[in-house]
Amino acid sequence: SRMTLSKTTLGLAWAFLFCLLACQKQNAPSVPMNFGNERYDSTALHLALMPNRDCLPLYYAQRTGLFDSLGLKVQIASYHSQMDCDTALLSRTADGGWADNERLKQLGKPATPWHTLLKNTDRWQLLVNSKQRIKQVKDLNGRTLAISRQSASTAVLAEALRAGSLKPEQVYRPQINDLKLRASMLAAGQVDGAVLTWPYTSLATAQGCRTLYTEKEAGDRGCLVVKAQLAQSEAGKRRLELLEKGRQMALDSIVKKGAAAYSPILQNDYGLPKEVADTVKF
């Protein structure tokens, strides 16, 4: 019948369309995958890093060829936001990188297969805009303080407020994940205070901001981690030994040569203006 013929024709048309789409998908060129600013190299060690003090030797060793001289290929993906760095850490492509301990607790089960290589050595600080009449922590009541939620900056701010007998609900806490943006907003007076770490503390200070509070101890806020399976294999252990050797070589160069050695990295990877990068002390 005409109805049966119509259904048959329609079925054939759909089958042809599905066939055509499948063929196009198979013939479509694969999009090359990047890690950071480089084409993904499967033979490399892939690190998702934050622009902070403890990661600087890793940037330096990679950017200056120290890792290459040791026979270790390292690729870096750099993030100004810990949230973005966490996303990269949890991906298939990253072997490790910089983690925030507060955020690791929030991640829960997915965070368990990590092996810690290094704990942070720097301390977070709460800085305020110098144009505001803020002399003590207790003067922060009703002020706007930039942080990133469920992170080291949240914990440090809570510690600072306790020191001034204030409660978290007594201040406004806008979430500004990008550290450079956080420092710039503070300097511009868009927020009254911000929790920052090196070198963005120096960026804010160079623009007239003042340090109001420095956390008591370093070591509990962040860490350099790699996937546990990498740290457990013999080949992986050898690569991590070379990573640490390159990091130590970079540290020696940074200490001996001073800002002239790392200023280009602070400009290109950390986003600092040259006049600040040239004067920042490690």
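# A friendly tour of a predicted model

Of the 282 residues of the protein chain, 46% count as buried. The model is a predicted one, and the questions below walk through its parts.

Q: How many helices and strands does the protein chain have?
A: Helices and strands are both present in the secondary structure of the protein chain. Counting them gives 12 helices and 11 strands.

Q: What share of the contacts in the protein chain with a separation of 6 or more comes from residues 24 or more positions apart?
A: Start with the contacts whose partners have a separation of 6 or more. Then keep those between residues 24 or more positions apart, and their share is 77%.

Q: In the open sheet of five strands, which strands stand at the edges?
A: The strand order in this open sheet is E4-E3-E5-E11-E6, and the pairing is mixed. An edge strand has a single partner strand, so one side of it is left without a neighbour in the sheet. The strands that fit are E4 (74–78) and E6 (114–119).

Q: Which residue of strand E11 stands opposite Ala99, and is that residue buried or exposed?
A: Strand E5 (residues 96–100) and strand E11 (residues 222–227) run antiparallel, joined by five bridges. Opposite Ala99 we find Cys223 of E11. Buried means under 20% relative accessible area, and Cys223 has 4% relative accessibility, so Cys223 is buried.

Q: At about what angle does helix H2 run to E4?
A: Helix H2 (residues 56–63) lies across three strands, E3 (45–49), E4 and E11. Taking E4 as the reference, the angle is about 130 degrees.

Q: In the open sheet of four strands, which strands stand at the edges?
A: Here the order is E8-E9-E7-E10, again with mixed pairing. Each edge strand has a single partner strand, so one of its sides is left without a neighbour in the sheet. These edge strands are E8 (145–146) and E10.

Q: Which residue of E9 stands opposite Leu127?
A: Strand E7 (residues 125–128) is joined to strand E9 (residues 193–196) by four bridges, and the two run antiparallel. In E9, the residue opposite Leu127 is Ala194.

Q: At about what angle does H7 run to E9?
A: Two helices can be placed on the strands of this sheet. H6 lies across E7, E8, E9 and E10, at about 90 degrees to E10. H7 lies across E7, E8 and E9, and its angle to E9 is about 150 degrees.

Q: How far apart are the end C-alpha atoms of helix H6, and what span should its 12 residues have?
A: Helix H6 covers residues 152–163, and at 1.5 Å a residue its 12 residues should span 16 Å. The expected span is 1.5 Å times one less than the number of residues. In the model the end C-alpha atoms agree with this, at 17 Å apart.

Q: Which side chain makes a polar contact with the side chain of Arg221?
A: Arg221 sits in the loop between E10 and E11, and with 13% relative accessibility it counts as buried. Among the residues that Arg221 touches are Ala152, Ala155, Val156 and Glu159, and these four are also among the buried residues of H6. The polar contact, at 3.1 Å, is with the side chain of Glu159.

Q: Which side chain makes a polar contact with the side chain of Asn177?
A: Asn177 is found in the loop between H6 and helix H7 (179–187). Beyond four places in sequence, Asn177 touches His80, Ser81, Met83, Ser148 and Arg182. The polar contact, at 2.7 Å, is with the side chain of Ser148.

Q: Why does Cys85 form no bond with Cys55, and how many disulfides does the structure hold?
A: Cys85 is buried, at 0% relative accessibility. Its closest cysteine sulfur is in Cys55, at 7.5 Å, which is too far for a bond. A disulfide needs the sulfur atoms within 2.5 Å. The number of disulfides in the structure is zero.

Q: How far apart are the C-alpha atoms of Ser253 and Ala61?
A: Ser253 belongs to helix H10 (residues 234–257), and at 17% relative accessibility Ser253 counts as buried. Its contacts beyond four places in sequence are Tyr60, Gly258 and Ala261. Ser253 and Ala61 are 192 residues apart along the chain, while their C-alpha atoms are separated by 9.5 Å.

Notes:
Residues numbered from 1 in each chain as written. Predicted model: local features only at pLDDT ≥ 70, side-chain atom pairs only at ≥ 80, totals over all residues. Heavy atoms only, no water. Buried < 20%, exposed > 50% of the residue type's maximum accessible area, 1.4 Å probe, protein only. Pairing = 2+ DSSP bridges. Contact = heavy atoms within 4.5 Å. Axes fitted to C-alpha atoms, helices over the stretch in contact; angles between N-to-C directions. Polar contact = N/O pair within 3.5 Å; in protein donor to acceptor, adjacent residues only side chain to side chain.
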